[in-house]
Amino acid sequence: MSHPTISEAPAWDGRRTAAIASPKFADALAGAALLQAAEEEARRAGYQAVVGPMAGDSWGSYRLLLWSDGSTPFLGEPTTGPFDLEAYLRAGFTIAETHSSAVAAPGPRGFAGSGASDVSVTAWDGRDPAAVLGEAHDVVMAAFANTAFFRPIPRERFIAAYAPALAHADPRFVLAARDAAGKPVGFTLAYPDPMRKGAIVLKTYAALVPGIGRRMADVIHATAAEAGFAEVVHALMRDGIASAAQSRKFGGRTIRRYALMGKLL
């Protein structure tokens, strides 16, 4: 069994925090012992809290599975071993934050007119993916700036992180919102899922103007119906923020719950 590693994470409620990147544990007792060793390493290094599983920050692999309805995983979904949650609990960790994924039927929900009327929403033309992601970087960095455990990253790293998802994308499901001056104010990325057949995965949903995210989500659901998809996956939503609330407005049914575990030192 490989050992967990620690690195500097974004602060947790103002505390200097270490992220524990942990493997899938072969059993709960051994996993708990490895986590406690990582915790001691973090304490000696002067950290005040630890969170895990997290590979550095929320741009890396993080979260473990709390509950599943047993349905097929989707592309990009985190996977954890059957003993991981118990190992963290035995090591004295508690839930720091929760996330969920849901599915909804395709089709418009009547939000096509949401948000400012001078903001336009257009689909990607399939050209120059680096330019699309470069614009998206500015929107995403601003939209999630105040989200827990979020860390701004350079444009180049953002493009590298999103390029694989964009490679799977159908341009009809990559949307940009721009204000009257042409400034990007929204970005949505969804893609056909090669694992969960018949599904569109709504991966990223970010807007700087109220109502525009809902409008873009409506376009995704309407386009999914037109294209013959059976469902839309609302992927990896942090509970308590706008995307989770919007999922309910679109009739989202929860299929998975996840957690980031934490412990104060």
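The structure holds 17 salt bridges, a salt bridge being a side-chain nitrogen of Lys or Arg within 4 Å of a carboxyl oxygen of Asp or Glu. This is a predicted model, in which local features need pLDDT of at least 70 and side-chain atom pairs count only at pLDDT 80 or more, while totals for chains, interfaces and linings use all residues. Residues are numbered from 1 along each chain as its sequence is written, and side-chain values use heavy atoms, with hydrogens and water left out.

**Exercise 1.** Determine which salt bridges Arg43 forms with Glu39 and Glu40, and place the three residues in the structure.

*Solution.* Begin with the distances: the closest N and O atoms of Arg43 and Glu39 are 3.1 Å apart, and for Arg43 and Glu40 the N to O value is 2.4 Å. Next, locate the residues, taking helices (H or I, at least four residues) and strands (E, at least two) as DSSP runs numbered from the N terminus. Arg43 and Glu39 both belong to helix α1, residues 28–44, and are 4 residues apart, about one turn of the helix; Glu40, also in helix α1, is 3 residues from Arg43, again about one turn. Finally, consider accessibility, where buried means under 20% relative accessible area, exposed over 50%, and partly exposed in between (1.4 Å probe, protein chains only). Glu39 is buried at 6%, whereas Arg43 is partly exposed at 34% and Glu40 is partly exposed at 35%.

**Exercise 2.** Find which parts of the chain are tied together by the salt bridge between Arg157 and Asp57.

*Solution.* The side chains of Arg157 and Asp57 meet at 3.5 Å, N to O. Arg157 lies in helix α4 (residues 155–168) and Asp57 in the loop between β3 (49–52) and β4 (64–68), so the pair ties together parts that are 100 residues apart in sequence. Asp57 is buried, with a relative accessible area of 3%, while Arg157 is partly exposed at 38%. Elsewhere, salt bridges that share partners join Glu39, Glu40, Arg43 and Lys263 into one network.

**Exercise 3.** Describe the backbone at Pro53, Asp13 and Phe149.

*Solution.* Start with Pro53, which lies in the loop between β3 and β4 and is joined to Gly52 by a cis peptide bond with omega about -10°. Turn then to Asp13, in the loop between β1 (5–12) and β2 (15–21), where phi is near 50°, a positive value in a residue other than glycine; Asp13 is exposed at 65% relative accessibility. Phe149, in the loop between α3 (129–143) and α4, has a positive phi of about 65° although it is not a glycine, and Phe149 is buried, with a relative accessible area of 5%.
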